[in-house]
Amino acid sequence: MEVAIIAAGCFWCTEAIFKRLIGVEQVEVGFAGGHQPNPSYREVCKGTTGHAEAIRITYDSKQLSYMDILEVFWQAHDPTSLNKQGDDVGEQYRSAIFYLNESQHQAALLSRELIAQAFDTPIVTEIVPAGTFYPAQEEYLMNYYENNTDRGYCIFTIAPKINKIHDLFQKRIKPTYQALEHENRTQKTL
């Protein structure tokens, strides 16, 4: 198993997206890139710890490569928006790739260079050493989308991002989630 750590705005969105990918074994929500040890969600939300809301992805590199993860990462958010994704504003919502080794570092630099060609404005995504990843301790933060699909944030923010990734990467979505998303879309059109 391999590990990747990324930040792309609210970690509820990225957790919901990445857990659907074939080869992903686990997605943990948490915090990276800050200066305070063991921050709480409330502390990170105040913007005083320097952390980004991030996810740690454990994946099978025989089924999904690091470059595959980065390809989805670039499509899952706006990498040209500094410290902001949608209505979520603050340093904790920044775009970042936290690399764990030199191979990931070089892959991240290359992927950023390639994706930059698709944008008219500069990419603001940080590419920095991982440092310590702090898993969120608050139980309600985990599996947020699955546990709250009827909430406004899930309906209007997370679901459209999931749908976008499903549309772009259909062959990389776990069959269980393909069926579930098809059912959800069908119910919404009735």
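**Notebook: from Cys-10 to the sheet**

I began at Cys-10 and listed its neighbours: leaving out residues up to four places away in sequence, Cys-10 touches Glu-53, Asp-88, Tyr-93 and Tyr-153. A reminder to myself: this is a predicted model.

Where does Cys-10 sit? I found Cys-10 in the loop between β1 and α1, the latter being residues 11-18. Is Cys-10 buried or exposed? Its relative accessibility is 5%, and because buried means under 20%, Cys-10 counts as buried. I also checked the record: an unreviewed UniProt entry gives Cys-10 the annotation "active site".

**The sheet**

Next I traced the strands. What is their order in the sheet? I read β7-β6-β1-β3-β2-β8, an open sheet of six strands with mixed pairing. The edges are β7 and β8 (134-135), each of which pairs on one side only.

I then followed β1, residues 2-8, to its two partners. β1 runs antiparallel to β6, and four bridges join them. On its other pairing, β1 meets β3 (residues 52-59), again in the antiparallel sense, over five bridges. Ile-6 was a handy marker here: its bridge partner in β6 is Ile-97, and in β3 its bridge partner is Ile-55.

**A closer look at β6**

How many of the residues in β6 are buried? I counted five of five for this strand, residues 95-99. In a regular strand, side chains alternate between the two faces of the sheet. I sorted β6 by face: Ser-95, Ile-97 and Tyr-99 lie on one side, Ala-96 and Phe-98 on the other, and both faces are covered.

From β6 I moved on to β7, residues 126-129. These two strands pair in the parallel sense over four bridges, and the partner of Phe-98 in β7 is Val-128. To get from β6 to β7 the chain passes through helix α4, residues 102-116, and I noted this β-α-β crossover as right-handed.

**The cores**

Last, I looked for nonpolar cores. Which residues have the most contacts inside the largest one? They are Phe-18, Ile-57 and Ile-158, in a core of 48 residues. A second, separate core has nine residues, including Ala-32, Ala-52, Ala-54 and Ala-96. I had already met Ala-96 as one of the buried residues of β6.

I finished with Ile-158. Setting aside neighbours within four places in sequence, I found Ile-158 in contact with Trp-12, Cys-13, Ala-16, Tyr-144, Tyr-145 and Tyr-153. Tyr-153 took me back to my starting point, since Cys-10 touches Tyr-153 too.

Methods
Residues numbered from 1 in each chain as written. Predicted model: local features only at pLDDT ≥ 70, side-chain atom pairs only at ≥ 80, totals over all residues. Heavy atoms only, no water. Core = buried A, V, L, I, M, F, W, Y, C linked by side-chain atoms within 4.5 Å. Buried < 20%, exposed > 50% of the residue type's maximum accessible area, 1.4 Å probe, protein only. Contact = heavy atoms within 4.5 Å. Pairing = 2+ DSSP bridges. Right-handed = clockwise from strand over helix to strand, strands pointing away. UniProt positions renumbered as here; feature names shortened; annotations may be inferred.
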